[in-house]
Amino acid sequence: ASPAVMLVGLSTGVLFFLNAFPYFQALAIEEASRVIPLWALEAPIVLVLAFVFLKERLLINDYAGFVLVVSGAFLVCSRRLSEVLRPSKAFFLMLLASFITAGGIVVSKWLYSEVSFWAVQVLLGLGAGSAALLTLLVAAKKREELLKEAKMLKKTTVLQLAARQLTITAGFIVFGLALMTGSATLSTALVQLSAVYVFIMATFLSRFMPHILEEGIGKKDLLTKAVAIAMIIAGVFAINL
């Protein structure tokens, strides 16, 4: 790979690392079943970026999908209908996370046309790892807190964290394969199905295991989330008709 491609690959890995900051901040202040669906904001952003930089098509159904996704995103983060046009802080945090991720996805699609699949994975991993290491070196207070908490972790917790990381890595690789062989917009759209799984799991845990996760499961809350997620899923698939 040329130095320019390597630099772009490393920078893209940094982007994928940075998107975690607004995402986890959003999770800290809002319910998971209201935050995860907001990743769907990636779909219309990728759509526009792919049209501009990758020359992917932009049709009338794409505009309809754009409206459905954005409308659903406004609805899912609103606890009352009167708040639909006054999105919460979590909405703007996820909008930032989606912009960062969408940029990384579009650049990754280009990288796959320049170098091999595994070369891209290595560059992205090195970029994200370097950004994480630099963050720990700069943020002395956070580094001390992390090391202190790491020493207190139980073996079961370490195993759970390792399993989580392996799952994330596997998902990232599978997504990379989909991105390399398909369009950026379609690959991004299919990922949004995770919102449905999170909604089901969050509702189940809140109903039967509230000590693990407790969210609003009143009829109004569930109906609002279900309608919003349905709009989002319909939108991302409309984008890929």
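This short presentation covers a pocket, a surface patch and a salt bridge in one structure.

Good morning. Please bear in mind throughout that the model is predicted.

I begin with the largest pocket, which holds about 2400 Å³ of space. Its lining is made of 48 residues, and those closest to the centre are Ala20, Tyr23, Phe24, Arg164 and Ile168. Which elements give two or more residues to this lining? They are α1 (3-18), α2 (20-29), α6 (89-112), α7 (117-138), α8 (140-151), α9 (155-181) and α11 (194-208). As to the character of the lining, 29 of its residues are nonpolar, 14 are polar and 5 are charged.

Let me turn from the pocket to the surface. Here a nonpolar patch is formed by Val48, Phe51, Val52, Phe53 and Phe66. Taken together, these residues have about 460 Å² of accessible area. Helix α4, residues 42-54, supplies the largest share of the patch, with 4 residues. Phe53, for one, lies in helix α4. Is Phe53 buried or exposed? Its relative accessibility is 59%, and because the threshold for exposed is over 50%, Phe53 counts as exposed.

My third topic is charge pairing. In general, side chains of opposite charge can pair when their charged atoms come close. In this model the count comes to 1 salt bridge. The partners are Glu31 and Lys225, whose closest N and O atoms are 2.8 Å apart. Why does this pair tie together parts that are far along the chain from each other, namely 194 residues apart in sequence? The reason is that Glu31 sits in the loop between α2 and α3 (32-35), whereas Lys225 belongs to helix α12, residues 219-238.

It is worth considering how accessible the two partners are. Buried here requires a relative accessible area under 20%. Glu31, with a relative accessible area of 14%, is therefore buried. Lys225 has 2% relative accessibility, so Lys225 counts as buried too.

I close with another residue of helix α12, namely Phe237. Phe237 has a relative accessible area of 36% and is partly exposed. How many residues along the chain separate Phe237 from Val69? The answer is 168, while the C-alpha atoms of Phe237 and Val69 are separated by 9.8 Å.

To return to helix α12 as a whole, this helix contains Lys225, the partner of Glu31, and also Phe237. Thank you for your attention.

Conventions: Residues numbered from 1 in each chain as written. Predicted model: local features only at pLDDT ≥ 70, side-chain atom pairs only at ≥ 80, totals over all residues. Heavy atoms only, no water. 1 Å grid on protein atoms, 1.4 Å probe; cavity = no way out; pocket = protein on both sides within 12 Å on 5 of 7 lines; lining within 4 Å. Points joined across faces, edges and corners; volume = space filled by probe spheres on them. Nonpolar A, V, L, I, M, F, W, Y, C, P; charged D, E, K, R; others polar. Patch = residues over 30% accessible without salt bridge, like charges linked within 9 Å, V, L, I, M, F, W, Y side chains within 5 Å. Areas by Shrake-Rupley, 256 points an atom, 1.4 Å probe, with all protein chains shown as cover. Salt bridge = Lys/Arg side-chain N within 4 Å of Asp/Glu carboxyl O. Buried < 20%, exposed > 50% of the residue type's maximum accessible area, 1.4 Å probe, protein only.
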